[in-house]
Amino acid sequence: MREIFKRIFYVIYFPASFVWRKLDTIGSWRETRWWIAHLPNAMFTPATYASYAGWLQNQGMFSALFSLYLKKEKPNIMDFGCGMGGLAPVSHYFVKNGGKYLGVDTDAKSIAACRNTYGDLQNCEFYLTRDQNAWYPQSGTPQPKPGEIDWPVANGSQDLITAMSVFTHLQEKDAFQYRDKIYEVLAPGGLAILSFHIVRGYENPNTTYQFKHRLTPGWYTSNVNCPEHAIGIEHDVLLKFLAPKFKVLAHIEGQVTGGRHPSLQDLMVLQKI
Ligand SMILES: C[S@@+](CC[C@H](N)C(=O)[O-])C[C@H]1O[C@@H](n2cnc3c(N)ncnc32)[C@H](O)[C@@H]1O
């Protein structure tokens, strides 16, 4: 039944989105029309569904964050787990005259959609990694060697790494490997903006955010069958996880686990030590 409702939803919502995007375009400034034109169609399909409101909230929040923290001219930005490439239009403003935005994801449909939507953005590229995630299974992608992380960037080469809603799909062991990899590929003093679900004992009615099953000390999931569905972490454990490699420049709290800010997840703005 759920599947039928889902199908009906996409049959109505997806075609309707073309109409209201068109109407929105007619009444908007040229600068705003650019953002509407760079909304990926695939966002409205089952590949990686996100709502229009959620999309816009992210564009605004990251436009402000990048403007405040990313001071380097012509920066190299790597977006780990880029999904539908939500940060490509934002990053484009910073790399259009030099530098590069590289979106990396394990999901072949998402990378195809990114290449399709953002082919016109100068200095923005996308890479399908061989790295795997149990919640985003891929068929036909060759496995990386054990312990290897498949990112096509050199150590010390990146000025900003983002990972939005990606550590929220990594168990502790993998999270440590990616933390260390981020540290390695960042340039001295480079920035990272990473999101997490901090477990606060808050009861969200959405079962995805009910982090009741402890995996390892301080690390939780809401889904024992596939823990990578959603991973939460205690605040003090997160600070210990970050401390050896990064200075915390800002912490924007996530509302889905009871934080006080409008961001959905906890955002940590970090600087490589
Ligand atoms: C919840 S989505 C978030 C997508 C995007 N960052 C956003 O905020 O819209 C998580 C993304 O991380 C990707 N992902 C998960 N594990 C990954 C890994 N080990 N390497 C690369 N991508 C990964 C998934 O394929 C998925 O696109």
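These questions and replies go through a predicted model and ask what lies behind some of the terms used for it.

Me: Why is S195 called buried?
Reply: Buried means under 20% relative accessible area. S195 has 0% relative accessibility, so the residue counts as buried. Its place is in strand β5, residues 186-196.

Me: What makes the pair S195 and Q265 a polar contact?
Reply: The cut-off for a pair of N or O atoms is 3.5 Å. The side chains of S195 and Q265 make their polar contact at 2.6 Å, and that value is within the cut-off. A polar atom of the S195 side chain also lies 2.6 Å from the backbone nitrogen of S165.

Me: Which residues is S195 in contact with, leaving aside its neighbours within four places in sequence?
Reply: Contact means heavy atoms within 4.5 Å. On that basis S195 is in contact with A163, M164, S165, V166, F167, T168, Q265, D266 and L267.

Me: How do you know that helix α4 is mostly covered?
Reply: Helix α4 covers residues 88-95, and 6 of its 8 residues are buried. The buried ones are A88, P89, V90, S91, H92 and V95. They pack against the helices α2 (30-37) and α3 (52-69) and against the strands β1 (76-80), β2 (100-105) and β3 (124-128).

Me: What makes β9 a partner of β6 and of β8?
Reply: Two strands pair if there are at least two bridges between them. Strand β6 (residues 198-199) and strand β9 (residues 231-234) have 2 bridges, in the parallel sense. Strand β8 (residues 219-221) and β9 have 3 bridges, in the antiparallel sense. Both pairs therefore meet the rule. As for single residues, V199 has E234 of β9 as its bridge partner, and Y220 stands opposite G232 in β9.

Me: Which residues are closest to the ligand?
Reply: The ligand is surrounded by 16 residues, and the closest are G81, D105, N133, M164 and Y178. By class, this shell has 6 nonpolar, 8 polar and 2 charged residues.

Me: How do you know that N133, Y178 and T106 have polar atoms within 3.5 Å of the ligand?
Reply: An N or O atom in the side chain of N133 is 3.0 Å from a nitrogen atom of the ligand. For Y178, a polar side-chain atom lies 3.0 Å from a ligand nitrogen. For T106, a backbone N or O atom lies 3.3 Å from a nitrogen atom of the ligand. Taken alone, the ligand exposes 590 Å², and the protein buries 87% of that.

Key
Residues are numbered from 1 along each chain as its sequence is written. This is a predicted model: local features need pLDDT of at least 70, side-chain atom pairs count only at pLDDT 80 or more; totals for chains, interfaces and linings use all residues. Side-chain values use heavy atoms; hydrogens and water are left out. A residue is near a molecule or strand if one of its heavy atoms lies within 4 Å of it. A polar contact is a pair of N or O atoms within 3.5 Å; within protein, one must be able to donate a hydrogen and the other to accept it, and residues adjacent in sequence count only if both atoms are side-chain atoms. Accessible areas come from the Shrake-Rupley method with a 1.4 Å probe; for residues, only the protein chains shown count as cover. Ala, Val, Leu, Ile, Met, Phe, Trp, Tyr, Cys and Pro count as nonpolar, Asp, Glu, Lys and Arg as charged, and the others, Gly among them, as polar. Helices (H or I, at least four residues) and strands (E, at least two) are DSSP runs, numbered from the N terminus. Buried means under 20% relative accessible area, exposed over 50%, partly exposed in between (1.4 Å probe, protein chains only).
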